[in-house]
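Reader: I have a structure open beside its sequence, and I would like to learn how to read it with care. Could you take me through it feature by feature?

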Amino acid sequence: MSTSTATATPTRSPGFPWSTVRWLLGKLGGGIFVLWAVATAIFFGIRMIPGDPAEAIMGGPGSQASAEALAAARAQYGLDQPLYVQYFGQLWRLATGDMGTSYALKTPVAEVLGELIPPTLILAVLALLVAWAMALLLAVLSTRSGGLGTALGSGLEIVSAAVPHFWLASVLILVFSTMLGWLPPVSTNTPAGLVLPVITLALPLAGFLGQVMRDTMLEAQRSAFALSARARGESEVGVLLRHSLRHAALPAIALSGWAFGSLLSGAVVVESIFARPGLGRSLLAAVTSRDIPMVTGVALLSAAAYVVIMAGSELAERIADPRIGPS
Amino acid sequence: MSIFQQSKPVGDPLLNPQKTHARRREATLVRRLAVRLPLLASAAVLLFFVLAAIAPNLLAPFDPLAINPAQAFSAPGAGHLLGTDESGRDIYSRIIHGARPSLLIGAAATAIGLGLALVLGTIAGFGGRWLDFGVARILEVLFALPGLLLALVFIALAGPGVATTVIAVGLTSAPGYARIIRAQIIALRTSPMVEAATVLGRSRSRILTAHILPNALAPITVLATLGLGQAILWAAALSFLGLGAPPPAPEWGTMLSAGRTYLSLAWWMTFFPGLAIVLVAAASTVLSRSLKSGGGQ
């Protein structure tokens, strides 16, 4: 973002951090713009495409709803009003936190989302932690033992680029539920039920993160600052932990946005396969039944999360990398 | 450790120059082959599936849609190489016949994504500050719906089906490509070659079509190779979720989705179509990487 240049002011007064405020305001403005654009695109998108939203409310084209029922639904959801009234009404409701009522569930979208966020968040955070741990291990291993680590690294990279979540999940269920009987194929909130979904999400992520971290780490190990640390008498482990690892974390942080996308897409597939309640599975159900308020709600939620994560990763990069400087 | 490492002693060429030379040549040959092995395997995999897409009857022993209830759920073996599904259809033949729709969907989605990205990237990179700003905002919005999400939102609006899947996957990949193409075009715009053309008084449109776009093409080819595998993955994911090609079709994602119900009964119904997807995606990744590094060393 262009606003990041605002922090380049050379005078760093100990007083009020104006540059941070300006940076935050810039991010906030960008975020609001993105949310507005997503809401607007969906609002006009659904009206440009043939098909009656009232039909979706009554349960899809197969429901054979009567003309009176359709008209009643149109009136109830305000679909009979002029377009600009609907549009600004919609924007106003969204701005005040009212995301409307789900066509399919007939409950407020905000309420549904509130119930769905925790299970998906647990899944995603656990997967992210496991992926980071695996990626770190991979990166450290590959700096220790040249040939094996490299082979392992590029193998995992291919896996992360080529093995889709849906197949990985199926194979894991096959091996660990059907053949070995160790873990349940259906995910409940018990620890055992979380293992397979978390591994399914973490494995491709770890391959990608590990690859990027390994490259940076090898570069750091060969750099002048690592040499000078060694010359100061720092142990090899010390160089790795205190210097190279910090270096390797940077590109992995920069990939947070990508990681979020991978986790969210993965959640749609994984929650469906493991029959686990959550945002992803409900989004799929909403897409199938063309439950537009629900789709809008999930889209806005994830867009907001993406904006926050990107800002957060920028902040984390500033903290991890003294060259960028504290904001 | 690595910076202090000495290069390995290679023997004394003065003592026995012939032998060392031959051994060294042998070693480099083996190493070269080892380096190229993934590349060769990838090329073979892609060739096989392209052949399957062009002439499926050449490779498939059975009709992909022929129902034979007596043979339902046969395990992989002599009669049916990769087993049969719930209606006794031959999985291997279905995978072979599935190559065409699966590859076509991937190719069409990649073409849509790259085409859209080329337009956006060119406008941003060549159209001046305000257009660049505008495109950057559009890309920001597209990036905020990462991965499957943009595709799912699009399908929610347009309805499921093969055509919407193709457009949805193309749309999903477009912002990433657009960013790379924009950077490429800006790099070319400030290159001495374009400066020379400007000094010679060439028009902007001529500079764009004669100098910038042809030179931006090479990296786009690499992108397309990598993108094809990814597009096939995304499309298969959407089919798997029941939003792509409807069930009887021998499309890989659809086959996987159908096999899911019988996972504990007939693992081959899920395993092999998935393997086909993984092979194609892995092959396209390896190939694009070697293209990027300049034709595999």
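Author: What follows goes through the helices, the annotated spans, the domains and the contact between chains. This is a predicted model, in which local features need pLDDT of at least 70 and side-chain atom pairs count only at pLDDT 80 or more, while totals for chains, interfaces and linings use all residues. Residues are numbered from 1 along each chain as its sequence is written, and chains are lettered from A and ligands numbered from 1 in the order in which they are written.

Reader: How many helices and strands are there in chain B?

Author: Helices (H or I, at least four residues) and strands (E, at least two) are DSSP runs, numbered from the N terminus. Chain B has ten helices and zero strands, so that its elements read α-α-α-α-α-α-α-α-α-α from the N terminus on.

Reader: What share of chain B counts as buried?

Author: A residue is called buried if 20 or more other C-beta atoms, placed from the backbone, lie within 10 Å of its own. By that count, 47% of the 297 residues of chain B are buried.

Reader: Where does UniProt place the feature "transmembrane region" in chain B?

Author: UniProt positions are given in the numbering used here, and annotations may be inferred rather than shown by experiment. The unreviewed UniProt entry places this feature at residues 33-55, 103-126, 138-157, 163-181, 212-245 and 265-287 of chain B. Among these spans, residues 163-181 of chain B are 100% helix and 0% strand, with end C-alpha atoms 26 Å apart, whereas residues 212-245 of chain B are 85% helix and 0% strand, with end C-alpha atoms 39 Å apart.

Reader: Which domains is chain A divided into?

Author: Domain bounds come from an automatic or database domain assignment. Chain A is divided into domain 1 (25-96) and domain 2 (109-320), and their centres, taken over C-alpha atoms, are separated by 34 Å.

Reader: How many residues does the contact take from chain B and from chain A?

Author: Two residues are in contact if their C-beta atoms, placed from the backbone, lie within 7 Å. The contact takes 40 residues from chain B and 47 residues from chain A. On the side of chain B that touches chain A, the elements giving two or more residues are α4 (129-143), α5 (148-158), α8 (204-240), α9 (252-260) and α10 (268-292) of chain B, and α10(B) gives the most, with nine residues.

Technical notes
A residue is buried if 20 or more other C-beta atoms lie within 10 Å of its own, exposed if 12 or fewer, and partly exposed in between; C-beta atoms are placed from the backbone.
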